[in-house]
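The exercises below go through one protein chain step by step. Try each task before reading its solution.

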Amino acid sequence: MASTKIGFASNESVAMSYIAGADLSGKLGYIVKADSTDGQVVLSTASTDDFGVLADDAAESGDPCSVVMQGKCLVKLGANLVAGAKFKPGASGTAATAIAATAGAGYMGIILRGGSAGDLVEALVERGMVPA
């Protein structure tokens, strides 16, 4: 099946093509991880699975899909997060965890427009660590 791409201009993000290792239909903005099969991605299942953000909403298993590795994209919130909050993946593939200002805490990106759990909001994928 053909995948539907929804996202930002190419000069605002870096996206790469992968194969959906599971049915990712309706998962636009979810965080994905590399699958055990080379070249495939599946939904993130842990806070350390910060491979990229799915930029397609109709990728069935075996379909090609785009994954934003860096830059602006849409993310699905798994918790209420305000603009400026740093996030990392939650257990269900959503941007669910706000990062406390603890020195050395790692994060996947920054929320650009806040929202509530279940919202699809603008974010910036820009991995980093809270400075000491």
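**Exercise 1: Strand pairing around Val32**

In β3, Leu43 is the bridge partner of Val32. The model is a predicted one.

Task: Find which residue stands opposite Val32 in β4, and state how β2 runs relative to β3 and to β4.

Solution.
- Step 1. In β4, the residue opposite Val32 is Gly52.
- Step 2. β2 and β4 run antiparallel and are joined by two bridges.
- Step 3. β2 and β3 also run antiparallel, with three bridges joining them.
- Step 4. β2 and β3 form a hairpin with five residues between them. Gly39, in the turn of this hairpin, has a positive phi of about 85°.

**Exercise 2: The chain as a whole**

Task: State how many helices and strands the protein chain has, and what share of its residues is buried.

Solution.
- Step 1. The protein chain has nine strands and zero helices. Read from the N terminus, the order of elements is β-β-β-β-β-β-β-β-β.
- Step 2. The chain has 132 residues, and 37% of them count as buried.
- Step 3. The accessible surface of the chain is about 6200 Å², and carbon and sulfur atoms account for 53% of that surface.
- Step 4. Take the contacts between residues at least 6 apart in sequence: 59% of these join residues at least 24 apart.

**Exercise 3: Ala15 and a partner far along the chain**

Task: Locate Ala15 and say how far it is from Val68, in sequence and in space.

Solution.
- Step 1. Ala15 belongs to strand β1, which covers residues 13–20.
- Step 2. Ala15 and Val68 are 53 residues apart in sequence, while their C-alpha atoms are 4.1 Å apart in space.
- Step 3. Setting aside neighbours within four places in sequence, the contacts of Ala15 are Val67, Val68 and Met69.
- Step 4. The relative accessible area of Ala15 is 45%, so this residue is partly exposed.

**Exercise 4: Salt bridges**

Task: State how many salt bridges the whole structure holds, and work out which parts of the chain the pair Lys33 and Asp49 ties together.

Solution.
- Step 1. A search of the whole structure gives four salt bridges.
- Step 2. One of them joins the side chains of Lys33 and Asp49, at 3.9 Å from N to O. Lys33 is in strand β2 (residues 31–34) and Asp49 in the loop between β3 (40–43) and β4 (52–54), so the pair ties together parts 16 residues apart in sequence.
- Step 3. Compare the exposure of the two residues with the cut-off, which puts buried residues under 20%. Lys33, at 23%, is partly exposed, whereas Asp49, at 16%, counts as buried.
- Step 4. A salt bridge also joins the side chains of Arg127 and Asp50, at 3.7 Å from N to O. Arg127 is in strand β9 (residues 120–129) and Asp50 in the loop between β3 and β4, so this pair ties together parts 77 residues apart in sequence. Arg127 is partly exposed at 36%, and Asp50 is partly exposed at 24%.
- Step 5. In the salt bridge of Glu122 with Lys72, the closest N and O atoms are 3.8 Å apart. This pair links distant parts of the chain, since Glu122 is in strand β9 and Lys72 in strand β5 (residues 64–76), 50 residues apart.
- Step 6. Glu122 counts as buried, at 17% relative accessibility, and Lys72 as partly exposed, at 25%. Lys72, Glu122 and Arg113 are linked in a network of salt bridges.

Note on methods:
Residues are numbered from 1 along each chain as its sequence is written. This is a predicted model: local features need pLDDT of at least 70, side-chain atom pairs count only at pLDDT 80 or more; totals for chains, interfaces and linings use all residues. Side-chain values use heavy atoms; hydrogens and water are left out. Helices (H or I, at least four residues) and strands (E, at least two) are DSSP runs, numbered from the N terminus. Buried means under 20% relative accessible area, exposed over 50%, partly exposed in between (1.4 Å probe, protein chains only). Contact means heavy atoms within 4.5 Å. Accessible areas come from the Shrake-Rupley method with a 1.4 Å probe; for residues, only the protein chains shown count as cover. Two strands pair if DSSP finds at least two bridges between them.
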